[in-house]
Amino acid sequence: MAVAGNPNVGKSTLFNVLTGETARVGNWPGVTVERKEGVRVYKNKKFCFVDLPGTYGISATSLEEIVAREYIISGEPNVVLVLVDGTAPERTLYLPIQILELMPNVVIAVTKADMTHKMGIHIHIDKLEARLGVPVVEVSAIQGSGIRELLEAILAVTGKKRGREKPLRIDYGGLEPIISEVEKIIKKYNILKMYPARWVAIRLLEGDPRLEELIRKSGKADVLAKIKQISSSARQSIGRDLGEIIAVSRFNFVDNLVKEIVVRIAVEEETKLFEEIFQHEIAGVVFSSLFLVLFFSLVFTINSGFPLDVIFCWLGWKQLAELLASYSLLGLMDEIFSFINATIAQLLESYNVQPWLISLITDGIISGVGSVLSFLPLLIITFFLLSILEDSGLAARLAYSYNSLLSKFGLSGRAIYPIVISFGCNVPGILSSRTALEEEERQQLIFSVPFVPCQARLIVIIAFATAYFSSSVMQALVMFMVYAVSLIVAILTSSLFRRFMFRKKEAPIFLLEIPPIHKPSLKVVWWLTWDYSKHFLRKAGLIILSLSIVTWFLLNHGPSGFTYNPKESYAAILGNFLAYFLSLYGVPKESAWIIGFALIQGFIAKEGLIEAIALLEGGEANVKDALLALGLNPVQAFSLLILFTLYVPCIPTVAAIKQEIGKNSLTLLIILYMFAVAIALSLLVNTILSILAV
Amino acid sequence: MFGGVSTTLDNVPAGARARIKGLNAGHGLATRLMQMGLTPGAEIEVLSNSRGPILLRVRGVTIALGRGMARKIIVELSPV
């Protein structure tokens with residue numbers, strides 16, 4: 001069974017009530033559109049439900065609509081379950097009507113029965129069923145009512161005991177003769193046999209790029225030309241766009257239907273103060289910003305202590321900051337894994353296992369697994385809170401507030417989530433790029449968001465700023481400049497990418513439904529969250545693990561085999577190689593290979609950069625001295641800082657990019673792009689500032 | 001207030017009602033707008049129209065749309 005419905009109609013809630021924990025999340029083949037499947041057993045029969053993307057119609061205006069439509073007609077679903085929002089029947093009945101014109105095996109579920117009654121709306125279900133000829137069931141997913149009736153209806157339609165024989169036929173008045181003419185041509189030349197002829201005729205007159213493409217592919221382009229001729233001469237003689245007439249006729253059908261079956265006891269919706277705040281321009285942005293910052297600070301503080309621990313540091317409460325960090329989820333996981341590592345290392349040593357094998361198992365594999373698992377809590381919390389925002393209706397309002405600002409950079413208001421989240425960590429930032437309104441916008445985000453400095457990079461920034469700059473003013477200025485540069489690069493990347501890659505000058509089309517604010521269903525939110533996280537873990541986990549092992553190899557192996565001495569490792573050799581180009585910055589030779597090595601370590605995790613330098617400066621007591629021992633001057637420190645902040649995404653981010661963008665080639669392109677920008681920019685800064693400083 | 005005045009949606013002040021007369025948009029955009037309920041003949045009520053996207057109510061649903069798009073929707077103001 002396919003499950004279709006408008007966005008915001010309560011589809012996820014109903015789907016989860018129907019399928020419970022059997023739901024699996026994946027993608028439709030070949031596209032980055034999400035596909036959910038689940039199973040329900042009822043009366044010893046297995047019902048397989050496939051969730052279609054939420055769409056407003058099945059014309060070919062978006063990838064989601066094409067996917068939904070082609071699945072419906074594929075022959076796989078016996079029944080299409082279409083959802084209608086009981087609180088907004090006028091608009092949401094449009095989709096089932098469109099689907100009924102395509103295929104007759106439909107069951108309609110009228111959702112939000114609880115809200116409908118509260119709002120004083122009464123729908124004559126029997127009449128609707130009589131008019132459309134298909135079973136109509138009123139359900140309330142939240143309360144769980146109507147579910148059995150729904151399953152019975154589906155059974156009945158599958159067993160041909162209820163429902164329609166043929167698709168719905170709407171009278172298009174003056175257009176009927178033209179439709180018949182086109183229909184004859186379609187039947188004569190056997191065009192698109194899998195679709196009903198009348199439906200194809202109507203779609204072609206409305207204009208359907210996807211069907212036209214399919215006709216051309218089947219070699220019948222000349223027939224298509226004939227049909228288009230009929231269509232344009234009809235448009236000329238009628239004087240109005242045919243698509244418009246047809247859509248209006250459908251809506252007239254719906255409006256007449258609604259007049260018959262819906263009774264509203266006049267209830268004026270009170271616009272609460274809450275709503276009014278979001279609508280007000282400035283207050284909306286301010287309030288939203290506050291909300292977002294607090295919201296996601298909460299997420300990240302629970303996960304790793306940041307940003308609360310940084311705040312504590314500044315206030316001079318260093319011990320409290322460290323306490324917070326160590327008791328955060330990440331801190332706890334860190335301890336657990338260190339403990340496991342140490343225990344296993346001891347155990348293996350006592351069995352006289354080879355040192356390199358011990359290192360592979362502890363520093364390579366277990367640490368790798370640890371780094372994958374350490375993302376799990378963060379992802380779960382982020383998705384959970386995002387789902388709450390989405391389900392409650394707040395997300396739409398926040399996007400509305402930010403749209404004017406973000407549209408200047410070729411983004412829509414929805415992009416605010418990936419951007420804000422990326423300040424904490426790029427991995428959930430990239431994964432949440434799915435909230436974008438358009439595919440192009442989503443890709444823009446994947447390319448630009450890695451430039452946003454995450455908390456790991458903040459550690460590097462703070463370390464360098466405090467080591468090389470003495471006054472707090474200079475330190476703050478340096479940190480501010482690094483953030484500013486990174487954000488400017490991100491923003492420019494987004495708008496230039498949009499302009500040159502997609503040839504679009506305007507910002508994404510902002511057309512968004514603002515649902516009423518309501519209490520989110522925690523059960524649904526939780527199920528969705530868990531599915532998402534599992535999905536990431538499976539796909540990205542493998543990439544993270546394998547790349548970690550490769551890097552471990554570079555760091556712990558040299559030409560003479562396994563070694564504890566970093567100076568003999570391949571990474572050091574690579575570091576020396578990088579030293580040649582680092583000399584362009586005027587970096588002292590003895591330090592160049594250390595920085596090169598650190599760059600490789602930074603690929604695993606950005607804070608590893610600092611650890612590497614500390615390690616290699618041969619036992620300097622603290623981080624600050626280790627950094628100073630590199631012997632850089634302030635200009636070099638600043639330029640290299642820019643390099644460190646922008647050069648590559650960390651391994652987990654790369655895994656996330658690969659998952660979201662799909663192709664290996666594009667992932668590589670993003671990495672190379674970042675690298676090029678980082679080098680160019682930091683060299684430029686270095687050269688200019690060196691000249692000015694003299 | 002004169003009834004029957006023709007203008008574009010972005011010019012309709014908050015609190016006013018209007019009826020859509022036509023869509024001055026390309027095929028894809030027009031289809032999307034109509035599927036959301038913004039068809040010729042539909043009655044709308046503008047909730048908010050300052051800077052930024054316009055908020056309106058149509059067919060019982062609240063929708064936000066960008067100004068660029070609002071400029072493409074021709075409406076007839078309803079008499080007060």
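**Chains A and B: contact and sheet**

Biologist: How many residues does each chain put into the contact?
Modeller: In this predicted model, chain B gives 30 residues to the contact and chain A gives 26.

Biologist: Which elements of chain B supply at least two residues each to the side that touches chain A?
Modeller: They are α1 (27-35), β3 (43-48), β5 (61-65) and α2 (67-70) of chain B. The largest share, seven residues, comes from α1(B).

Biologist: And by class, what does that side of chain B have?
Modeller: It has 13 nonpolar, 14 polar and three charged residues.

Biologist: Back to α1(B). Which of its residues are buried?
Modeller: A30(B), T31(B), R32(B), L33(B), M34(B) and Q35(B) are buried.

Biologist: What do they pack against?
Modeller: On chain A, the buried residues of α1(B) pack against α4 (94-102), α12 (242-261) and β10. On chain B, they pack against β2 (17-23).

Biologist: What follows α1(B)?
Modeller: G37(B) does, and its phi is positive, near 110°.

Biologist: You mentioned β10 of chain A. In which sense does it pair with β5(B), parallel or antiparallel?
Modeller: Antiparallel, over three bridges; β10(A) covers residues 511-513. Within β5(B), L65(B) is the bridge partner of L511(A).

Biologist: Change of topic. What domains is chain A divided into?
Modeller: Domain 1 (2-158), domain 2 (173-264) and domain 3 (543-693). Taken over C-alpha atoms, the centres of domain 1 and domain 3 of chain A are separated by 52 Å.

Biologist: There's an open sheet in chain A. What is the strand order?
Modeller: The order is β2-β3-β4-β1-β5-β6-β8 of chain A, seven strands with mixed pairing.

Biologist: Why is one side of β2 and of β8 left without a neighbour in the sheet?
Modeller: Because β2 (24-27) and β8 (136-138) of chain A stand at the edges, and each has a single partner strand.

Biologist: How much are neighbouring strands turned against each other?
Modeller: By 30° on average, direction ignored.

Biologist: Take β1 and β4 of chain A. In which sense do they pair?
Modeller: β1 (residues 2-5) and β4 (residues 45-51) of chain A pair in the parallel sense, over two bridges. V3(A) stands opposite D51(A) in β4(A).

Biologist: Which helix packs on the sheet, and which strands does it touch?
Modeller: Helix α7 (residues 147-158) of chain A packs there, touching β3 (34-42), β4, β5 (80-85), β6 (106-111) and β8 of chain A. The direction of α7(A) makes about 165° with that of β6(A).

Conventions. Residues are numbered from 1 along each chain as its sequence is written. Chains are lettered from A and ligands numbered from 1 in the order in which they are written. This is a predicted model: local features need pLDDT of at least 70, side-chain atom pairs count only at pLDDT 80 or more; totals for chains, interfaces and linings use all residues. Two residues are in contact if their C-beta atoms, placed from the backbone, lie within 7 Å. Helices (H or I, at least four residues) and strands (E, at least two) are DSSP runs, numbered from the N terminus. Ala, Val, Leu, Ile, Met, Phe, Trp, Tyr, Cys and Pro count as nonpolar, Asp, Glu, Lys and Arg as charged, and the others, Gly among them, as polar. Two strands pair if DSSP finds at least two bridges between them. A residue is buried if 20 or more other C-beta atoms lie within 10 Å of its own, exposed if 12 or fewer, and partly exposed in between; C-beta atoms are placed from the backbone. Domain bounds come from an automatic or database domain assignment. Axes are lines fitted to C-alpha atoms, for helices over the stretch in contact, and angles run from 0 to 180 degrees between N-to-C directions.
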